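Let's take a friendly walk through a protein model together. Have the sequence at hand and keep the 3D view open as you read.

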Amino acid sequence: MALDVQVDDLVRLRKPHPCGSYEWRVVRTGADIGLKCQVCGRRVLMARSTFKKRVKTVIHRSDPPEE
Ligand SMILES: [Zn+2]
């Protein structure tokens with residue numbers, strides 16, 4: 001899967017955060033990816049390689065909403 005994320009994209013991870021959310025917003029890109037939990041607001045940084053393994057879906061800002 002190509003990993004082309006931009007700031008403000010939404011991503012869904014394979015495992016939930018302890019707060020129960022699977023959805024995170026991308027707040028930073030680069031060698032490390034910065035994510036902000038959509039439920040509890042916590043921010044995390046993870047290496048791009050780690051991110052690639054944990055991410056399930058990337059929802060781009062410009063994509064139509066999922067049905
Ligand atoms: Zn959370």
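## Hairpins, a core and a loop

Strands β3 and β4 form a hairpin with five residues between them, and in its turn G41 has a positive phi of about 80°. Strands here are DSSP runs of E with at least two residues, helices are runs of H or I with at least four, and both are numbered from the N terminus. Before going on, please note that this is a predicted model: local features need pLDDT of at least 70, side-chain atom pairs count only at pLDDT 80 or more, and totals for chains, interfaces and linings use all residues. Residue numbers start from 1 along each chain as its sequence is written.

The protein has one helix and five strands, in the order β-β-β-β-α-β from the N terminus.

A second hairpin joins β2 and β3, with three residues between them; G30 in that turn has a positive phi of about 145°. Two strands pair if DSSP finds at least two bridges between them. Here are the two pairings of β3:

| Strands | Direction | Bridges | One bridge pair |
|---|---|---|---|
| β2 and β3 | antiparallel | four bridges | R28 and G34 |
| β3 and β4 | antiparallel | five bridges | G34 and L45 |

So which way do the side chains of β3 point? I33, L35 and C37 point to one face and are buried, while D32, G34 and K36 point to the other and are not. A residue is buried if 20 or more other C-beta atoms lie within 10 Å of its own, exposed if 12 or fewer, and partly exposed in between, with C-beta atoms placed from the backbone. By this rule, 10% of the 67 residues of the protein count as buried.

The largest nonpolar core has seven residues: V11, W24, V26, I33, L35, C37 and F51. β2 and β3 each supply at least two residues of this core, and β3 gives the most, with three residues. Such a core is a set of buried Ala, Val, Leu, Ile, Met, Phe, Trp, Tyr and Cys residues joined through C-beta atoms within 7 Å. In soluble globular proteins, nonpolar side chains tend to be buried together.

Now look at A31, in the loop between β2 (23–28) and β3 (32–37). Why does A31 count as exposed? Because A31 has 8 C-beta neighbours inside 10 Å. A31 and M46 are 15 residues apart in sequence, and their C-alpha atoms are 8.8 Å apart in space.
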